[in-house]
Each structure stands twice: as C-alpha cells, then as structure tokens.
Protein chains: 2
Amino acid sequence: MKPIRVTIFEDNKHLRESLYYLISGTEGFCCSDAFADCNDLVFQLKKSMPDVVLMDIEMPGMNGIEAVKIIKQQFPQVQILMQTVFHDDDNIFNAVCAGASGYILKTTSPEGYMEAIKDVYEGGSPMTGSVARKVLALFQQNVTPKGNTDYQLTPKEKEILQQLIKGKSYKMIADVVGSSYETVRTHMKNIYAKLHVNSNTEAVLKALQEKIV
Amino acid sequence: MKPIRVTIFEDNKHLRESLYYLISGTEGFCCSDAFADCNDLVFQLKKSMPDVVLMDIEMPGMNGIEAVKIIKQQFPQVQILMQTVFHDDDNIFNAVCAGASGYILKTTSPEGYMEAIKDVYEGGSPMTGSVARKVLALFQQNVTPKGNTDYQLTPKEKEILQQLIKGKSYKMIADVVGSSYETVRTHMKNIYAKLHVNSNTEAVLKALQEKIV
DNA sequence: TTTTTTATACCGCAAATGCGGGAGGGCATC
DNA sequence: GATGCCCTCCCGCATTTGCGGTATAAAAAA
C-alpha cells in the first residue's frame, strides 16, 4: 500500500514545517513537498505528483482560491483540502466554487488534520461542523427559491416542458417526444393553463425557478 | 447543564428503539419521544419540545423531506439531522433545500450518531464525508455554471434582456424601458446575434444560465 | 475630423406562437 | 356502461417573433 502523497502550500514557516513533520511522520502518508507560495505552481506539482494538496487560503502572491482553480484545471484528480484561520463566508463560497473538496480550520488538531487528509483522499469532503453549516446556508440561500407549488403536470407535459426549457421550438419538441406538431401545441396549451402563463418565456422562467422539471 | 432533547422519527421499529435507548442512555442527552411516522407532526413536536430532531427520509405517509419543511417553518430553532440508507442525490439535495442541518447514513456507528447529534445541536452540520462531497458537487454544479464568456452586451441590451427573462413580451418591454416597440425589436435582433441564439427561449435560457444579466 | 458604436425608429414578410374550438382512442375508476 | 383523464391529432385566426432591410442622430473612439 503506497502512502498518500501530500503537498503543502502554506506561507507561515512554523505551521508549514510542523505540518511537514506531522505528515512525514505518520504511517501511510508522505509529504512530497512544502511551499510557501504558489510560484511555479504547475511546475512544482508536476514534480511532486501529490494525491492531496493542503492549501492555505491567505497567501502572498497568488491566493489559495486562484491556485485551486488552476490545480483543478491542470490536475483534476488531485484532491484539495483548504485550510484557513477565519470563517469567512466569501472565502468558503469561492473555494467551494473553485473546486476544493474539503475545508478545515487551522485550529484543527493534528489528528484532525490527518483524518481530513485521509478523508479527501478517499473521496470524502471533511469540513469542520461550522464550515459545513455555512456551506449549507449558502446552498440554501442560493438554491432554495424552490417553489413547491404543485402544478399537476402529466408526464407528457413535463417531458415537453423539459424540452422547452432547453430552448427547443415546438417542431423540434414534436420530433424529440415523438408526437406530431399539433399534439405538442395542444400540450403546450394545457401546460400554459396549468402554470397560469401565456408565453413561451414565462413558462421557461417558471419552470426553471420552480424546478417543476 | 440540561440535556439535549432529541425526538426521533423512524419507521423501522428496531432502529427506532435502538436509537431511543442509545440516546436515553447517554449522559447529557434525553430522548423526548420516538415516532414511527409524521402523523400529528406539529402537535407531537409541541409536546416534545426537542432541540434536535432525528428524521428518517424514507417513511410511510408524509416523507422526511416534507416533514423537514414543516418543522423548519413551525419550529425554526429546532435542528434537524437526516438519516438515510441511500446516497441519493435528489434526496440529499431536497433535504438540504428543505432546511436539514446534517445528513448521516444509517450505517453510522452509535458513537458517530451521538457526535452528530451533539454537532447539529451546537450549530455544526455533520455529514459523512461522502455526503459532504455530494453536497459540494451539487453546489458546484448549481453555482459555478457562471459563464465567463463576455457577450459584449450594451447597457440597453442588458436592460432589455433583463426584462425578457421576466417573461415580458416585446410590447411590454418597450413600455418598461421607454422605447418604441420597433426599437426593442432591433435590440433583440442584436442581442440574438451576440448570444448566438435564434429564439426567445434560447435567449432566456442562456441569460439565466450564464447570469449575463 | 472621420469612423464606429449605440440607441432610436420604421417596413415587410415568413414563420412561430397563443388561443379558440372539435374529435377520437385508450384506460382506469366508479 | 358511463365518466373522467390522458394522449393523440387537426383547423383557423390573430398576434408575436425572427430576420432582412433602411435610416437618423447622438455619443464615443479613431
């Protein structure tokens, strides 16, 4: 069983070295490299070939978020564990969007660190509870506009609406669902009535917003 | 220090009772009630006054997701921990949207259960690593599609597109933006050309997806 | 200053859409 | 057997859209 290769990006010398020794000294892990900044990021990673990158958010030069984007683009298989001092909503949000797989605080215990590294490596997404709560909160904010009104659409109607919100015209829809153009029109009439709309765009809008599809 | 009050909703009798004894038998916890379904949900909760609700997703009658919505509406301070057998994307998504604060699998160990309950109570959001990963994945899917392509829309064009994705017709748009119907049409032509679309719906779709607005 | 861009506005025509109606077949429920 | 629901298809007509022009004036850029 080969060890999990970890590369560290952390500007604080003390923490960086502590982590280096912690990881190197743990059975089953191997700290392939430790950097203070993201200069030559891609080049360094090509050499290091890590399984997991431990990335600080606050860093001089290129910040952690930018680095995550680049890493995910160039080495999509690499798992990234973010570490930060603060509970900053924006940072969490951005890191998650950029493609980080885990998010822990620097106050985490050494054992916690090692568990988290193992977890991201195995496909999990470790987060300290409060970070997770923030992610969920963001998630709820950004996605909840999910009206739950039931419009009683029939399967066929849903199918057609599905196609409509892909930008298809009636003719194309008819083709896809295997009905005649006229039939599609009939369905649309019914859909409009059920959704209480009277135009193409309104239907698309409503369908997308309320996730009726 | 008063104990954390937990109410269980779980249709499986064996698991329900196991959890009941587990929670009751743990220092600092108190299982205020355990139900097999969500009948009289609100009434029962008023009596139980739990701090944390342990909710099964798959249940006869009202399912767990619906229950979460109601609980969060009626008792917003109550923390909800979902439990499920499966890793079903839709369920996770819906539960999170509905307002669940944590999400664990039934295969979780007794200690894991207790930790999770404590965690939600304290404002965290425990999730098994793989669940967290799925939530993040959903998050990334739903939020990142932030197209960075620049379509070079002029202010007026953006304004008009803005209106279009509200479901307005050209006439109505003309009225809102204070231009003539014909002018709006001209702008639309240009917008379509810039977005590389050729229908109403496609434009709305693209505008919404890429958040050009 | 000349050119380009933006916003304004109109005409015309073909196509698509919205809306009203009618009509038959299948299938399940009552 | 009757009723209701869903899916199917068609007709007609008024309106809206998509797309091709043309054109003017102000503003911005060259």
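The following legends describe close-up views of a predicted model of two protein chains with DNA strands C and D.

Residues are numbered from 1 along each chain as its sequence is written, and chains are lettered from A and ligands numbered from 1 in the order in which they are written. Because the model is predicted, local features need pLDDT of at least 70 and side-chain atom pairs count only at pLDDT 80 or more, while totals for chains, interfaces and linings use all residues; side-chain values use heavy atoms, with hydrogens and water left out.

**View 1. Protein surroundings of DNA strand C.** DNA strand C is surrounded by 20 residues, where a residue is near a strand if one of its heavy atoms lies within 4 Å of it. The closest are A:Tyr170, A:Arg185, A:Lys189, A:Asn200 and B:Thr154. Sugar or phosphate supplies 58% of the atoms of DNA strand C within 4 Å of the protein, and bases supply the rest. By class, this surface holds four nonpolar, 10 polar and six charged residues; Ala, Val, Leu, Ile, Met, Phe, Trp, Tyr, Cys and Pro count as nonpolar, Asp, Glu, Lys and Arg as charged, and the others, Gly among them, as polar.

**View 2. Helices and backbone contacts at DNA strand C.** At least two residues of the surface near DNA strand C come from each of helix 8 (170–177) and helix 9 (181–195) of chain A and helix 7 (155–164) and helix 9 (181–195) of chain B. Helices here are DSSP runs (H or I, at least four residues; strands are E, at least two), numbered from the N terminus. Helix 9 of chain B provides the largest share, five residues. Three polar contacts are shown below under the definition of a pair of N or O atoms within 3.5 Å; within protein, one must be able to donate a hydrogen and the other to accept it, and residues adjacent in sequence count only if both atoms are side-chain atoms. A phosphate oxygen of DNA strand C lies 2.7 Å from a backbone N or O atom of B:Ser180, and a phosphate oxygen of this strand lies 3.1 Å from a backbone N or O atom of B:Lys156. A polar backbone atom of A:Asn198 is 3.5 Å from a sugar or linking oxygen of DNA strand C.

**View 3. Protein surroundings of DNA strand D.** Among the 20 residues around DNA strand D, the nearest are A:Thr154, B:Tyr170, B:Arg185, B:Lys189 and B:Asn200. Of the atoms of DNA strand D that come within 4 Å of the protein, 57% belong to sugar and phosphate. A polar side-chain atom of B:Lys189 is 2.6 Å from a base oxygen of DNA strand D. Phosphate oxygens of the strand lie 2.4 Å from a polar backbone atom of B:Asn200 and 3.3 Å from a polar backbone atom of A:Lys156. Helix 7 and helix 9 of chain A, together with helix 8 (170–177) and helix 9 of chain B, give two or more residues to this surface. Helix 9 of chain A gives the most, with five residues.

**View 4. Packing of helix 7 and helix 8 in chain A.** The axes of helix 7 (residues 155–164) and helix 8 of chain A come within 10 Å and cross at roughly 130 degrees; axes are lines fitted to C-alpha atoms, for helices over the stretch in contact, and angles run from 0 to 180 degrees between N-to-C directions. The two helices of chain A are therefore oblique to each other (angles under 35 degrees count as roughly parallel, over 145 as roughly antiparallel, 65 to 115 as roughly perpendicular and the rest as oblique). In the contact (heavy atoms within 4.5 Å), A:Lys156, A:Glu159, A:Ile160, A:Gln163 and A:Leu164 of helix 7 meet A:Tyr170, A:Ile173, A:Val176 and A:Val177 of helix 8. By class, these comprise six nonpolar, one polar and two charged residues.

**View 5. Surroundings of A:Lys206.** A:Lys206 is located in helix 10 (residues 200–210) of chain A. The side chain of A:Lys206 reaches the backbone oxygen of A:Leu195 at 3.1 Å. A:Lys206 and A:Ile165 are 41 residues apart in sequence, with a C-alpha to C-alpha distance of 9.8 Å.
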